[in-house]
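The following exercises concern a single protein chain and are each followed by a worked solution. Please examine the sequence and the structure before attempting them.

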Amino acid sequence: MIKFKYVILYVEDVEKSMNFYKDTFDTEIKFITPEKDYGELITGETGISFASIALAGSNLKKGFLASKVNSKPFGIELGFVTDDVETLVDKALKNGAALYQEIAVKPWGQKTAYITDPDHYLVEICTEIQ
């Protein structure tokens, strides 16, 4: 059996990052280590996890590129589906996100917007594809 279970974001402050997603997308915290260097959110079938830059560095001896505010976001995104894109984008911005791409309606009718979270990861907020 193979199952896609989670994505891990490497961040400076695990608890702060988790709270952004909890407060913005109404997720629940499943687990956070006593050291606050790793945590998981309950987000449905596939979870979002967070690891501190230091913990990630100890696991990946060859290193990695850390997300940085002063550069373009990585070519990957997290996607959240909602019936009310405008309200969720506003909530994200109030919680510390930055608007990356204004709300647009795709030719197939889907409404999308892009934000960057406080750690500068790209997040799409959109309606379901019908």
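**Exercise 1.** Determine where His120 is placed, and decide whether His120 is buried or exposed.

Solution. In this predicted model, His120 belongs to the loop between β7 and β8. The next step is its accessibility: the relative accessible area of His120 is 9%. Buried means under 20%, so His120 is buried. The backbone is then inspected: His120 has a positive phi, near 75°, in a residue other than glycine.

**Exercise 2.** Carry out the analysis of Exercise 1 for Asp26, stating whether Asp26 is buried or exposed.

Solution. Asp26 is located in the loop between α1 and β2 (28-32). Its phi is also positive, about 55°, although Asp26 is not a glycine. With a relative accessible area of 59%, and exposed meaning over 50%, Asp26 is exposed.

**Exercise 3.** Establish the strand order of the open sheet of 4 strands, and explain which strands stand at the edges.

Solution. The order is β5-β8-β7-β6, and the pairing is mixed. β5 (77-81) and β6 (98-105) each have a single partner strand, so one side of each lacks a neighbour in the sheet, and these two strands form the edges. From one strand to the next, the twist averages 20°.

The pairings can then be taken in turn. Strand β7 (residues 111-116) pairs with strand β8 (residues 122-126) in the antiparallel sense over 5 bridges; within this pairing, Ala113 has Ile125 of β8 as its bridge partner. Helix α3 (residues 85-94) packs on the sheet and touches β6, β7 and β8, its direction making about 5° with that of β7. β5 and β8 run parallel and are joined by 5 bridges, and Phe80 stands opposite Ile125 in β8.

Finally, the faces of β5 are assigned. In a regular strand the side chains alternate between the two faces of the sheet. The covered face of β5 holds Leu78 and Phe80, while Glu77, Gly79 and Val81 lie on the uncovered one.

**Exercise 4.** Describe how α1 and α3 pack, giving the angle and the distance between their axes.

Solution. The angle is about 150° and the axes are 9 Å apart. Angles over 145 degrees count as roughly antiparallel, and α1 and α3 are therefore roughly antiparallel to each other. Their crossing is right-handed. At the contact, Phe20, Asp23, Thr24 and Phe25 of α1 meet Leu88, Lys91 and Ala92 of α3.

**Exercise 5.** Identify which residues of the largest nonpolar core touch the most other members, and trace the contacts of Val123.

Solution. In soluble globular proteins, nonpolar side chains tend to be buried together. The largest nonpolar core has 22 residues, of which Leu9, Tyr21, Phe25, Phe50, Ile115, Val123 and Ile125 touch the most other members. At least two residues come from each of β1 (6-11), α1 (14-25), β4 (47-52), β5, α3, β7 and β8; α1 gives the most, with 5 residues.

Val123, in strand β8, has 0% relative accessibility and therefore counts as buried. Not counting residues up to four places away in sequence, Val123 touches Tyr21, Phe25, Leu78, Phe80, Ala113, Tyr114, Ile115 and Asp117.

Leu9 is treated likewise. Leaving aside neighbours within four places in sequence, Leu9 is in contact with Tyr21, Ile48, Ser49, Phe50, Ala51, Leu78, Asp117 and Tyr121.

How values were computed: Residues numbered from 1 in each chain as written. Predicted model: local features only at pLDDT ≥ 70, side-chain atom pairs only at ≥ 80, totals over all residues. Heavy atoms only, no water. Pairing = 2+ DSSP bridges. Axes fitted to C-alpha atoms, helices over the stretch in contact; angles between N-to-C directions. Contact = heavy atoms within 4.5 Å. Buried < 20%, exposed > 50% of the residue type's maximum accessible area, 1.4 Å probe, protein only. Core = buried A, V, L, I, M, F, W, Y, C linked by side-chain atoms within 4.5 Å. Parallel < 35°, antiparallel > 145°, perpendicular 65-115°, else oblique. Left-handed = near helix turned anticlockwise from the far one by under 90°.
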